Amino acid sequence: MKHAVLVAAMFFGAGVAVAAPAPVEDVANGSSDDRLARVERIIKAKQQGEFDMQRRLDALQREVLDLRGITEQQNYQINQMLQRQRQLYEDIANLSTKAAPVVNAPAATDAVSVAASSSTLGETGSYEAAVNLVLKDRKYDDAIPAFRSFIKQYPQSSYAANANYWLGQLLFNKGEHADAKGAFSAVVSQFADSNKRGDSLVKLGMIAEKESDLAGAKALYNKVLKEYPNSASARLAQQQLSALNG
């Protein structure tokens, strides 16, 4: 009897011991599923956020590339269209940094007065007077003898390279290519350190084209690309080459 009671007690005791954890195990499984579901939702949200961010980054990158292409195209067009203005700005900058402006210098009304007053104006004043014929007065024909007079009187001036380039440009615009060639050639041969040398080589190439010397023009453009890479002169030379090769 005692044995039966003991067995029964052990049986029921074991039953209680086994049955009791069941509800706890069910709750634990449910909580794990909830946590897993929450983690999955977090992961999906994060993945979606990263996907959206990457998509926005890709769109921004495309926009940057498009803008860069547009900017490069516009810069190229501006460099081509405003080459002359760039030259004017550089000349003005040279005047302001190399010497004080001549406040009381008489305004030049024509080329004769500029040439006659060069001795009184001095080197800087004479150059400024010739430049003003272009910048202020728009008297391009009068500026030609003014620059010639300056070059003759001040052949070693720090402005001599610019003066020759100005002269060449004015003659080129008038279609006097032979004389323009002489002025640009002077810049190339006599002023190796001038920032106008690359531009002068390009202009010599253009003159060679007009003289039907295509081989000579290509050689000059290639010289610019070799000696002045990544410059505005090189971009213009490349454009001229592309037109010739096209």
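H7 passes H8 in a left-handed crossing in this predicted model. The axes of these two helices come within 9 Å and cross at roughly 150°. That angle makes H7 roughly antiparallel to H8. If you would like to find the contact in the structure, look on the H7 side for His177, Ala180, Lys181, Phe184, Ser185, Val187 and Val188. Their partners on H8 are Arg197, Ser200, Leu201, Lys203, Leu204, Ile207 and Lys210. Sorted by class, the residues of the contact of H7 with H8 are 7 nonpolar, 3 polar and 4 charged.

Now let us turn to another pair of helices. The axes of H5 and H6 come within 9 Å and cross at roughly 145°, and H5 passes H6 in a left-handed crossing. From H5, the contact includes Tyr140, Ala143, Ile144 and Phe147; from H6, Trp166, Leu167, Leu170 and Leu171 are among the residues that take part. The contact of H5 with H6 has 12 nonpolar, 1 polar and 3 charged residues.

With two pairs in mind, we can step back to the whole chain. How many helices and strands are there in the protein? There are 10 helices and 0 strands, so reading from the N terminus you meet α-α-α-α-α-α-α-α-α-α. Of the 246 residues in the protein, 33% are buried. Among contacts between residues at least 6 apart in sequence, 55% join residues at least 24 apart.

Next comes the inside of the protein. The largest nonpolar core has 39 residues, and Tyr127, Phe147, Leu167, Phe184, Val202 and Tyr221 are those with the most contacts inside it. Helices H4, H5, H6, H7, H8, H9 and H10 each supply at least two residues of this core. Which helix gives the most to this core? H6 does, with 7 residues.

Several of these core residues have already appeared above: Phe147 is on the H5 side of the contact with H6, Leu167 is on the H6 side of that contact, and Phe184 belongs to the H7 side of the contact with H8. Tyrosine 221 is another one to explore. Leaving out residues up to four places away in sequence, tyrosine 221 touches Val202, Gly205, Met206, Glu209, Ala237, Gln240, Leu241 and Leu244.

Glycine 198 is also worth a visit. This residue sits in helix H8. Is glycine 198 buried or exposed? With a relative accessibility of 4%, glycine 198 counts as buried. Its contacts, not counting residues up to four places away in sequence, are Val224, Tyr228 and Ser233. The C-alpha atoms of glycine 198 and alanine 232 are separated by 8.9 Å, although these residues are 34 apart along the chain.

Finally, have a look at two loops. Arginine 138 lies in the loop between H4 and H5, while serine 212 lies in the loop between H8 and H9. Phi of arginine 138 has a positive value, in a residue other than glycine, and phi of serine 212 is positive too, again in a residue other than glycine. The table sets out their values.

| Residue | Phi | Relative accessible area |
|---|---|---|
| Arginine 138 | near 55° | 47%, partly exposed |
| Serine 212 | near 65° | 63%, exposed |

Why does serine 212 count as exposed? Serine 212 is exposed because its relative accessible area is 63%, over the 50% cut-off. Arginine 138, with 47%, is partly exposed.

How values were computed:
Residues are numbered from 1 along each chain as its sequence is written. This is a predicted model: local features need pLDDT of at least 70, side-chain atom pairs count only at pLDDT 80 or more; totals for chains, interfaces and linings use all residues. Side-chain values use heavy atoms; hydrogens and water are left out. A nonpolar core is a set of buried Ala, Val, Leu, Ile, Met, Phe, Trp, Tyr and Cys residues joined through side-chain atoms within 4.5 Å. Buried means under 20% relative accessible area, exposed over 50%, partly exposed in between (1.4 Å probe, protein chains only). Helices (H or I, at least four residues) and strands (E, at least two) are DSSP runs, numbered from the N terminus. Contact means heavy atoms within 4.5 Å. Axes are lines fitted to C-alpha atoms, for helices over the stretch in contact, and angles run from 0 to 180 degrees between N-to-C directions. Angles under 35 degrees count as roughly parallel, over 145 as roughly antiparallel, 65 to 115 as roughly perpendicular and the rest as oblique. A crossing is left-handed if the near helix is turned anticlockwise from the far one by less than a right angle, and right-handed if clockwise. Ala, Val, Leu, Ile, Met, Phe, Trp, Tyr, Cys and Pro count as nonpolar, Asp, Glu, Lys and Arg as charged, and the others, Gly among them, as polar.
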